[in-house]
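Here's a walk through one protein model, going from the overall numbers down to individual side chains. Have the viewer open and follow along.

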Amino acid sequence: MSAIAKIGVAAATAGAVLTGGVFFFRRRQLKGKEAREDPRIKYEFSLSMKMPEGVGRDDILKEMLSDLQLMEEYGIVHVDHLTDWCGLSEDIEINRLLYKAKESGRLGLPQDSLVTPGTFCVKDYQFGNEEDVKAAKRYMKAGPKKYVYFRKGDVRAAIVTCGGLCPGLNVVIREVVMALWWNYKVRKIWGVRWGYNGFYSGKENYVELTPEKVKEIHHLGGSILGAGRDIFDAEKILNAIIEQGVNQVYVIGGDGTHKGILELAKLVKARNLRIALVGVPKTIDNDIKIIDNSFGFSSAVQAAVLAINSAKVEATCVKNGIGLLKLMGRDVGHIAMHASLASRDVNICLVPEFKFDIDGLNGLLKYIFDTQIKNVGHCVIVVAEGAALGVNDRNLVREGEDPRNIDIGMYLKDEILKYDKEHKLGATLKYIDPSYMVRTVPANSADKQFCSVLAQNAVHGAMAGFTNFTSGMIRGVSVNLPIELVAHGEKNRLTYADRAWQRLLAATGQPSFLNSQEASLI
C-alpha cells in the first residue's frame, strides 16, 4: 500500500473523505478572537489523525512534492522550489490544504481549481510537424497546489513596486493582499515604499496592509507605495528583509527589477534561507517577449487613443492641419502601433524598429505635404519616443551618443514647420505630448482582471514553496516562469512580418519612407 493510500485509510478513520486523491476535511466553527476579526471568516478546515505505522514524514513529503519530480520528468522549464535551496523542513505544513466549504463557498478553493501536478503550456501554438511539438518549450501552469509549504501563522509578506509607473500597480498590490489574507489567512503583510531602497532606508517605509486599507486602491492610478530606480544593494536589502522577519517578497517591476530579484535569489540560496522571491512582470511598453502581454498595456493604449482623437480634431478643424502626437516607446513601438490601430484615424505611425528617411522623394516630409495634405487635407502623425533610432538619412547625434535621448517629437515638429515655411504651403501644426499621461491612468476593466490573475497566482506559487519565479501569461494560460527569462530575455520588438504591423500599414496606407529599394530592419 502506497503512502497516500495509508494516509487515506487514516483520514477515513478520522472522518475525512478521500476522493480522487484529495482530502475533504470536516469543518468546525472557529471560536474566540480569530472568529471575531471579520464575519466572513467562519470556518477552518482541520483533520486530526494519527500517522499510520510505517509511514514516515519523508515518505509523505515525497508524495506531496511529486509535481516537482514531474517537472523534470515532463521536461517542464525548471522553477526553483525552496526545497531545492534549503532542503525539506520539519516546519512544512504538509496537510494544510484549502478547499471550498460547501456551506459558505467563499474562503476556500474547490477541488477542480487545484493545478494537477505536471500541467504545462507551450509558448508556440503553430507547429509544422510532430518534431516541433516535441521540441516546444513547456512552462509550468500556475495556480493553487494541493499542499501549502508555509504555515499560515508563519508567513510575513512584503510587497514592493519598482521602476516606472504603470496602470494596474495598485490592482496587483490589492490582489496580493486579498489572496494572502482571505485564501491563506496571512495577517502580516507590509507594503515597502519607494522601491528597493525602501527595504533598508527606514522602518517608516514599511506600511502594514490589510483588506480594509487596500479595498479601494484599484480605482487609483500610480502606486500607493510609490516606486523608484535607486542604486540596488542586494546585501542591504536581504539584511533588512531578514531583520523584518519577511519570508515572502512580492516584487512588481520590469526586466531591470527582475535582475534585482535574481541577485537577491543568489544570496538567499547561498544562505539557505526560507524566503520566497516572486516577481510580477511590469512593462508599459509591452517589450517582454516571453509573455503575451504586460498588465497596464491595454490601459495605456486606451489612454493614447484619447490623445489621438484630440490630434485628429486639431488636424481636421483647420485648413491643411497637422496633428503630431508623441507616445511612450523608448525601445519598441507597441503603444504607438496598437493605439494607431485602435484609433483608425492615424495617417502615419513611426516606431523605433523601422528605418525611415526624412528627406528625399520618398521621405517623410514630402509624403506629409504632397500626399496627405494635398489629397486628404490633413495629416495625423503618431511617433514613438524612441523613433529617432529609425532615422536613416540624418545623423541626429554625435558618435557615441544615444539617439533615444533626442526629443523626436519636437525635432519632427520643427522640421515639418521649417519645410512648410520654405515651400509656403500654409499648414497649421498642433503638437501633443501625452507621454507620461498614459502611464498614470487607472487600470481599465481588462487590465484589472488581468492583474488579479497574475497577483493571485503569484501568491499561490509562493505559498506552495516556489521561489525565484515570476507570474506571467503565455497563450492565455497563467504560468510560473523562472526570473531569468524576464531579466535576461529577448525584447519584444516589432518586425515587418508581424501581422499587427501589416494591419497597421493597411489601415494608414503609409509607405516605407525609404529612398532606397530595400526596407530593412534596424
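Start with Cys379. Leaving aside residues up to four places away in sequence, Cys379 touches Ala315, Gly321, Ile322, Gly323, Asn347, Ile348, Ile368, Gln372 and Ile373. Keep in mind that this is a predicted model. The cysteine itself sits in strand 14, which covers residues 378–384. Cys379 counts as buried because its relative accessibility is 0%. One of its contacts, Ile322, is 57 residues away along the chain, yet the two C-alpha atoms are 4.8 Å apart in space.

**The whole protein**

Zooming out, the protein has 522 residues, and 53% of them count as buried. Its secondary structure adds up to 17 helices and 17 strands. If you take the contacts with a separation of 6 or more, 77% of them are between residues 24 or more positions apart. The accessible surface is about 23,600 Å², with carbon and sulfur atoms contributing 49% of that.

**Rings**

How many aromatic pairs does the count come to? The answer is seven. Take Tyr196 and Phe232: this pair is edge-to-face, with 4.8 Å from centre to centre and 70° between the planes. Tyr196 belongs to the loop between strand 8 (189–192) and strand 9 (206–208), while Phe232 belongs to the loop between helix 8 (211–214) and helix 9 (234–244), so the pair ties together parts that are 36 residues apart in sequence. Tyr196 is buried at 9% relative accessibility, whereas Phe232 is partly exposed at 29%.

Phe369 and Tyr419 make a stacked pair, with 5.2 Å between centres and 25° between planes. Here the rings come from two helices: Phe369 from helix 13 (residues 364–375) and Tyr419 from helix 14 (residues 408–423), so this pair ties together parts 50 residues apart in sequence. Both Phe369 and Tyr419 are buried. Elsewhere, ring pairs join Phe354, Tyr496 and Trp501 into a cluster.

Rings also turn up with charged partners. The charged end of Arg187 sits over the ring of Trp181, 4.0 Å from its centre. Lys203 lies over the face of Tyr206, and there the distance to the ring centre is 6.0 Å.

**A buried loop residue**

While you're around that loop, have a look at Asn205, which lies between strand 8 and strand 9. Is Asn205 buried or exposed? With a relative accessibility of 7%, Asn205 counts as buried, because the cut-off for that label is under 20%. Setting aside residues up to four places away in sequence, Asn205 touches Gly191, Val192, Arg193, Trp194 and Gly198.

**Salt bridges**

The count of salt bridges comes to 21. Here are some of them, with the closest N to O distances:

| Partner 1 | Partner 2 | N to O distance |
|---|---|---|
| Arg330 | Asp402 | 3.8 Å |
| Glu401 | Arg398 | 3.4 Å |
| Asp402 | Arg404 | 2.7 Å |

The side chains of Arg330 and Asp402 meet in a salt bridge. Arg330 is in the loop between strand 12 (321–327) and helix 12 (334–343), and Asp402 is in the loop between strand 14 and helix 14, so their pairing ties together parts that are 72 residues apart in sequence. Arg330 is partly exposed, at 31% relative accessible area, and Asp402 is partly exposed too, at 24%.

Asp402 also forms a salt bridge with Arg404. Arg404 is partly exposed, with a relative accessible area of 25%. Through shared partners, salt bridges join Arg330, Asp331, Asp402 and Arg404 into one network.

Glu401 has a salt bridge of its own, with Arg398. What do the accessibilities look like there? Glu401 comes out as partly exposed at 38% relative accessibility, and Arg398 as exposed at 64%.

Note on methods. Residues are numbered from 1 along each chain as its sequence is written. This is a predicted model: local features need pLDDT of at least 70, side-chain atom pairs count only at pLDDT 80 or more; totals for chains, interfaces and linings use all residues. Side-chain values use heavy atoms; hydrogens and water are left out. Helices (H or I, at least four residues) and strands (E, at least two) are DSSP runs, numbered from the N terminus. Buried means under 20% relative accessible area, exposed over 50%, partly exposed in between (1.4 Å probe, protein chains only). Contact means heavy atoms within 4.5 Å. Accessible areas come from the Shrake-Rupley method with a 1.4 Å probe; for residues, only the protein chains shown count as cover. Rings of Phe, Tyr and Trp (its six-membered ring) pair if their centres lie within 6.5 Å; planes under 30 degrees apart count as stacked, over 60 as edge-to-face and the rest as tilted. A charge sits over a ring if NZ of Lys or CZ of Arg is within 6 Å of the ring centre and within 35 degrees of the ring normal. A salt bridge is a side-chain nitrogen of Lys or Arg within 4 Å of a carboxyl oxygen of Asp or Glu.
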